[in-house]
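Biologist: Could you zoom in on one part of this model for me and explain what sits around it? Please go slowly, since I'm new to this.

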Amino acid sequence: MSSDASRPANRTSLIVCALAACLACAALAGCGGRSYAGYKYAPYTVRGQSYAPMAPREALGFVETGTASHYKEGFLIFPGKAAIGEKIYPWSHGAAHKTLPLPCRVRVTNLRNGKKMVVRVNDRGPFIGDRIIDLTSASAKKLGFHQQGLAPVRVEVLSVGDGRYRLR
């Protein structure tokens, strides 16, 4: 037989658990949000500088060597937002590039240590100095340059687009 004194505590615990579950669902709701259809390669301007991204077919097989950096993505329920409208979470493996069509998949190789990984380019940038690609922190950690901040890399385009718009 339960006492009446324990009922309010149990009810409070249930409410706290329900609120925690709702917050967790809200935070994870945008994790798989890859709903962008088509390609994004229209010219754009940032800080007075104009950029003309390459066409999807032109990007296939594109290779570039230069400096990579990484950026901060946001915080769990307050994620950053990519140029094609997708949410960018701290655990995301994404990237930003100034002239590749969005979205596309690239293989990034850290030329210092040989580590490689495939990332999805869904954002624009970096707009600092001679950097060629900006990776999420999770990607920079996997490639082994998160602590240094910058690394020499090779970027190879593997495919352009998603779903039925995908080119290889």
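Modeller: Let's start at H146, which sits in the loop between helix 3 and strand 11. Helices (H or I, at least four residues) and strands (E, at least two) are DSSP runs, numbered from the N terminus. Before going further: this is a predicted model, where local features need pLDDT of at least 70, side-chain atom pairs count only at pLDDT 80 or more, and totals for chains, interfaces and linings use all residues. Residues are numbered from 1 along each chain as its sequence is written, and side-chain values use heavy atoms, with hydrogens and water left out.

Back to H146. Is H146 buried or exposed? Neither, really: with a relative accessible area of 22%, H146 counts as partly exposed. The labels work like this: buried means under 20% relative accessible area, exposed over 50%, and partly exposed in between, using a 1.4 Å probe and protein chains only. Leaving out neighbours within four places in sequence, H146 has contacts (heavy atoms within 4.5 Å) with H70, S137, A140 and K141. Take H70: 76 residues separate H70 from H146 in sequence, yet their C-alpha atoms are 7.3 Å apart in space. Links across the sequence show up in the whole chain too: among contacts between residues at least 6 apart, 73% join residues at least 24 apart.

Now follow the chain from that loop into strand 11. This strand belongs to a closed barrel of six strands, in the order 3-10-7-9-8-11, with mixed pairing. Two strands pair if DSSP finds at least two bridges between them. Going from one strand to the next, the twist averages 45°; the angles are taken between N-to-C directions, from 0 to 180 degrees, with axes fitted as lines to C-alpha atoms, for helices over the stretch in contact.

Strand 11 has strand 8 beside it: the two run antiparallel and are joined by seven bridges. T109, for example, stands opposite R154 in strand 11. Strand 8 also pairs with strand 9, again antiparallel, over six bridges, and here V108 has M117 as its bridge partner in strand 9. The hairpin made by strand 8 and strand 9 has five residues between the strands, and G114 there takes a positive phi near 80°. Elsewhere in the barrel, strand 7 (residues 94–96) and strand 10 (residues 131–136) pair in the antiparallel sense over two bridges, with A96 opposite D134.

Why is strand 8 largely enclosed by the rest of the structure? Five of its seven residues are buried, so the rest of the structure closes around much of it. V108 gives you a feel for that: not counting residues up to four places away in sequence, V108 touches ten residues, among them K115, M117, I133, L135 and V153.

That brings us to the nonpolar core, meaning a set of buried Ala, Val, Leu, Ile, Met, Phe, Trp, Tyr and Cys residues joined through side-chain atoms within 4.5 Å. The largest one has 23 residues, and those with the most contacts inside it are L100, V106, V108, I133, L135 and V153. At least two core residues come from each of strand 8 (104–110), strand 9 (116–123), strand 10, helix 3 (137–143) and strand 11 (150–160). Strand 11 gives the largest share, five residues. In soluble globular proteins, nonpolar side chains tend to be buried together.

Two bends in the backbone are worth a look as well. Most residues other than glycine have a negative phi, and most peptide bonds are trans. Still, the bond from L102 to P103 is cis, with omega near -10°, and P103 is in the loop between strand 7 and strand 8. Another cis peptide bond joins G125 and P126, with omega about -10°; P126 lies in the loop between strand 9 and strand 10.

Now zoom out for context. The protein chain has three helices and eleven strands, and of its 168 residues, 39% count as buried.
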